[in-house]
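Subject: Handing over a structure

Hello,

Here is the structure I promised to pass on. Please open it beside this email and follow along.

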Amino acid sequence: MDKITFDEKTHIYKVNGVIIPSVTQILNEAGLIDFSKINPAVLEASYKFGTAVHLACEYYDKGILNESTLDNNLKPYLEAWVNFKREFQPHIEGIEEIVYSKRFGYAGRLDRRIIIKKRAVFDIKTSAEIYPANALQLSGYQEAYNESKKIGDKIKERW
C-alpha cells in the first residue's frame, strides 16, 4: 500500500517519500493555468482566503464550526455553501480527500465527494467565474479517485 502525504505549507504531495505533482501543478505546467501576471502578494492573499473558506466549510460540515468566531469576509461564502446544501441536500461521503493516480503519477485533494442522485466530486470555489481549467482539475480528481474503484463506487459527475 502506497503512503501518500501532503504538506500543507509547501503544497507538496509525496508517495512513499517521493515528490509527485499535483493536478494544479500539471495544469500550470501545461499552460492551462497562468498566475504569472498576478502580483505574488495578491496571489498569496487569495490562496490564504480560499484556504480559510475551505476550512470554514469543512468545520461546518463536521459540525465543529464556531460561527461567532468567523471573519465577516468568510460569511457570504459559508452562507452560499449552506444554501447549496439546503437546496440540493447532498449526501457527503468525503471531505478534503487526498486522491492519487498510481497510473499517471499525480495527486490532488478533492473538496467533497457527494451523492446527489449520482456520486460526484464537488469543488468549492471562491472566484467570481468558472475557468476552463476547472473542468480539467475536477476530471483529474475524478480519474485518480476512480482508478482503484469498482464500477458501482466510481464518481460519475463533476460539480
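β4 and β5 pair in the antiparallel sense, over nine bridges. To find the pairing on screen, start at H91, which stands opposite I115 in β5. The two strands form a hairpin with four residues between them. In that hairpin, G105 takes a positive phi near 70°. Keep in mind throughout that this is a predicted model.

Now widen the view to the sheet. It is open, and it has four strands in the order β4-β5-β6-β7. The pairing is mixed. Which strands are at the edges? They are β4 (91–101) and β7 (157–158), and each pairs on one side only. You have already seen the antiparallel part, in β4 and β5. The parallel part is in β6 (residues 118–122) and β7, which pair over two bridges. There, V121 stands opposite R158 in β7.

Next, the helices that lie across these strands. Helix α2 covers residues 40–62 and lies across β4 and β5 (106–116). It runs at about 130° to β4. Helix α3 covers residues 75–88 and lies across β4, β5 and β6. Its angle to β5 is about 45°.

Then the charged side chains. How many salt bridges does a search of the whole structure find? The search finds twelve. Here are some to look up.

- D61 and K85: their side chains meet in a salt bridge, at 2.7 Å from N to O. This pair links distant parts of the chain, with D61 in helix α2 and K85 in helix α3, 24 residues apart. D61 has a relative accessible area of 18%, so it is buried; the cut-off for buried is under 20%.
- E93 and R119: these side chains also meet in a salt bridge, at 2.6 Å from N to O. E93 lies in strand β4 and R119 in strand β6, so the pair ties together parts that are 26 residues apart in sequence. Is each partner buried or partly exposed? E93 counts as partly exposed, at 28% relative accessibility. R119 counts as buried, at 14%.
- E96 and R112: the closest N and O atoms of this salt bridge are 3.5 Å apart. E96 lies in strand β4 and R112 in strand β5, so the pair ties together parts that are 16 residues apart in sequence. Both E96 and R112 are buried.

Some of these residues belong to a network. Salt bridges link E8, D61, K85, E96, R109 and R112. Try showing those six side chains together.

Last, two backbone points in the loops. H11 has a positive phi of about 60°, although it is not a glycine. Where is H11? It is in the loop between β1 (4–7) and β2 (12–15). H11 is partly exposed, with a relative accessible area of 28%.

N16 also has a positive phi, of about 55°, and it is not a glycine either. You will find N16 in the loop between β2 and β3 (18–20). Is N16 buried or partly exposed? It is partly exposed, with a relative accessible area of 47%.

To go over it again, begin with the β4 and β5 hairpin. Then trace the sheet in the order β4-β5-β6-β7. After that, add helices α2 and α3. Finish with the salt-bridge network.

Best wishes

Definitions and conventions
Residues are numbered from 1 along each chain as its sequence is written. This is a predicted model: local features need pLDDT of at least 70, side-chain atom pairs count only at pLDDT 80 or more; totals for chains, interfaces and linings use all residues. Side-chain values use heavy atoms; hydrogens and water are left out. Buried means under 20% relative accessible area, exposed over 50%, partly exposed in between (1.4 Å probe, protein chains only). Two strands pair if DSSP finds at least two bridges between them. Contact means heavy atoms within 4.5 Å. Axes are lines fitted to C-alpha atoms, for helices over the stretch in contact, and angles run from 0 to 180 degrees between N-to-C directions. A salt bridge is a side-chain nitrogen of Lys or Arg within 4 Å of a carboxyl oxygen of Asp or Glu.
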